[in-house]
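Colleague: I should like to understand how the descriptive terms are justified here. May I put some questions to you?

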Amino acid sequence: MSHEAPAPETEEGQAAAAEAKPAKGGKLKFIAIIMAAMIVEAAVFFVVGFGSGGHEVEAATDGHGEEKKHAEPPPPPPTSFVEAELDGYSITNRLAAADTTLQVSFKLYALVAHDQKVAFETAAREDNKARVREAVERLIRTSTLDDLNDPALSSLKRQIREEINRILRQSYVSEIILSEYKTIER
């Protein structure tokens with residue numbers, strides 16, 4: 001007893017059977033292509049996150065899957081900054097160049113948010129004045145000649161900003177301004 005399909009006896013039956021085999025293979029290829037396209041589309045949707053569904057879930061959770069109890073927006077960034085003068089400095093640096101003493105002088109200003117100016121001035125000029133002054137003097141005394149001669153003074157400004165914010169335990173200062181900056185070799 002054979003499980004094979006009986007062979008068509010007429011020419012028409014043989015031609016129809018011959019055409020049916022490629023048609024069946026073509027349908028499988030077509031279905032495979034459609035499935036592959038759907039998988040790629042689903043992967044792109046998952047990775048890129050088209051639609052608003054991803055944003056709604058993100059807004060309702062805190063990033064770890066836990067729902068937020070109060071969805072308060074973060075405070076807006078400060079819109080205006082003001083300069084707060086800290087002090088005038090005249091500092092000697094003997095380490096920057098061999099057999100040379102550099103006298104560095106400048107006025108120090110901090111750029112702070114307008115609404116934080118009073119709190120900053122109280123913290124920097126009254127409560128922590130000596131520690132801020134000592135930190136700035138230490139940074140200038142230990143700076144390299146390249147840092148002191150940099151036209152933008154970028155490294156020195158960054159270090160002073162970070163040190164003041166560390167001393168005050170709050171990020172008041174967004175930028176440092178060194179006015180009337182002079183170096184004199186002796």
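Colleague: Are Tyr89 and Phe106 buried or exposed?

Modeller: Tyr89 is buried, and Phe106 is buried as well. The term buried means under 20% relative accessible area, exposed means over 50%, and partly exposed covers what lies in between, with a 1.4 Å probe and protein chains only. Please note that this is a predicted model, in which local features need pLDDT of at least 70, side-chain atom pairs count only at pLDDT 80 or more, and totals for chains, interfaces and linings use all residues. Residues are numbered from 1 along each chain as its sequence is written, and side-chain values use heavy atoms, with hydrogens and water left out.

Colleague: What makes Tyr89 and Phe106 a stacked aromatic pair?

Modeller: Rings of Phe, Tyr and Trp (its six-membered ring) pair if their centres lie within 6.5 Å; planes under 30 degrees apart count as stacked, over 60 as edge-to-face and the rest as tilted. The centres of Tyr89 and Phe106 are 5.3 Å apart and their planes meet at 20°, so the pair is stacked. Tyr89 belongs to strand S1 (residues 81-93) and Phe106 to strand S2 (residues 102-113), so the pair ties together parts 17 residues apart in sequence. Ring pairs also link Tyr181 with Tyr89 and Phe106 into a cluster.

Colleague: How are the helices and strands assigned, and how many are there?

Modeller: Helices (H or I, at least four residues) and strands (E, at least two) are DSSP runs, numbered from the N terminus. The protein has 6 helices and 3 strands, and along the sequence they follow the pattern α-α-β-β-α-α-α-α-β.

Colleague: Why is Ser143 called buried?

Modeller: Its relative accessible area is 4%, which is under 20%, so Ser143 counts as buried. Ser143 sits in the loop between helix H4 (129-141) and helix H5 (145-149). Beyond residues up to four places away in sequence, Ser143 touches Asn93, Ala96, Leu148 and Leu156, where contact means heavy atoms within 4.5 Å.

Colleague: Why is the bond between Asp87 and Arg133 called a salt bridge?

Modeller: A salt bridge is a side-chain nitrogen of Lys or Arg within 4 Å of a carboxyl oxygen of Asp or Glu. For Asp87 and Arg133 the closest N and O atoms are 2.8 Å apart, so the criterion is met. The pair links Asp87 in strand S1 with Arg133 in helix H4, 46 residues apart. A network of salt bridges joins Asp87, Arg133, Glu137 and Arg141.

Colleague: What makes Asp87 and Arg133 partly exposed?

Modeller: Asp87 has a relative accessible area of 23% and Arg133 is at 27%. Both values lie between 20% and 50%, so each residue counts as partly exposed.

Colleague: How do you know that Arg138 and Glu163 form a salt bridge?

Modeller: Their side chains meet at 3.0 Å, N to O, which is within 4 Å, so the pair qualifies. Arg138 lies in helix H4 and Glu163 in helix H6, 25 residues apart. At 36%, Arg138 is partly exposed, whereas Glu163, at 14%, is buried.

Colleague: Why is the span of helix H6 said to be close to the expected one?

Modeller: The expected span is 1.5 Å times one less than the number of residues. Helix H6 (residues 154-168) has 15 residues and reaches 21 Å from its first C-alpha to its last, against an expected 21 Å.
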